[in-house]
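User: I'd like to learn how to read the empty spaces inside a protein model. Can you walk me through it with an example?

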Amino acid sequence: MKLHHSPTSPYARKVRICAITRGIDGRIELMRTNPNESPVALLADNPLSKVPTLVTDDGVALFDSPAICEYLDSVGEAMAMFPEHGAARWQALKLQAMGDGILDACVPRRTELARPQDEGRAASVARMRAAVERTLDALEVEPPHKGLDIGSITVACALGYLDFRFPQEPWRETRPKLAAWFAAFSQDPAVAATAPGDSA
Ligand SMILES: N[C@@H](CCC(=O)N[C@@H](CS)C(=O)NCC(=O)O)C(=O)O
């Protein structure tokens, strides 16, 4: 398998944590790329020019991160990252949506903040930030559990991205339970090995 990725992409980090946790990372060749430059090799596999994009051993290109992570559950025999059914499945999918939702608000907000702030843009940036703050507050009320699944992994990638790209916006002070959960979860070897910016 081949994975188009960027070491700073929190969505690609989700995929890498799943692969390491399931013991199949050795079967994935990492293809480092910059999706913002629309490189030909990435476009050949994903017309959206986004990372992560996985190409399976059968030559099938897959995106986005939820689809790739679910596909990885079908490779090998290790415990699945998507609980199969019941309350555990719905909770994991909900947490994945919350983590991805934080990222879907933060990644474009970073781009928007780098542009001149007219009234419309400032309002849009404020709305995206408010969504993140509310979601963090909800996670403080009910932080993820200690185990690794697609929900807890995605929330950790979202919090790691906040620390990496928005260090000037501290989130821990008013959310001690979430901060404690994240500190403990970050000790996991797959989580630690994929910290943004300093890994493959
Ligand atoms: N929903 C997608 C989001 C992927 C995404 O937006 N990735 C960013 C990098 S963090 C990207 O490739 N941006 C390039 C672009 O949008 O042109 C997923 O979960 O994989």
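**Reading the cavities**

Analyst: Sure. Let's start with the second largest cavity: helix H5 (residues 119-141) gives the most to its lining, with three residues. Keep in mind that this is a predicted model.

User: Okay, but what shows where empty space is left?

Analyst: Rolling a probe the size of a water molecule over the atoms does that. In this structure, the count comes to two cavities of 30 Å³ or more.

User: What volume does the largest cavity have?

Analyst: About 90 Å³. It is lined by 15 residues, and the closest to its centre are Pro7, Ser9, Pro10, Arg13 and Pro196.

User: Which elements give two or more residues to that lining?

Analyst: Helix H1 (10-21) and helix H6 (150-165). H1 gives the most, with four residues.

User: And how many residues of each class are in the lining of the largest cavity?

Analyst: Sort them by class and you get six nonpolar, seven polar and two charged residues.

User: Back to the second largest cavity, then. How much space lies in it?

Analyst: About 40 Å³. Have a look at its lining in the viewer: you'll find Arg109, Val132, Glu133, Leu136, Leu162, Glu169, Pro170, Trp171 and Arg175.

User: How do the residues of that lining divide by class?

Analyst: Five are nonpolar and four are charged, with no polar ones. The charged residues there are Arg109, Glu133, Glu169 and Arg175.

Technical notes:
Residues numbered from 1 in each chain as written. Predicted model: local features only at pLDDT ≥ 70, side-chain atom pairs only at ≥ 80, totals over all residues. Heavy atoms only, no water. 1 Å grid on protein atoms, 1.4 Å probe; cavity = no way out; pocket = protein on both sides within 12 Å on 5 of 7 lines; lining within 4 Å. Points joined across faces, edges and corners; volume = space filled by probe spheres on them.
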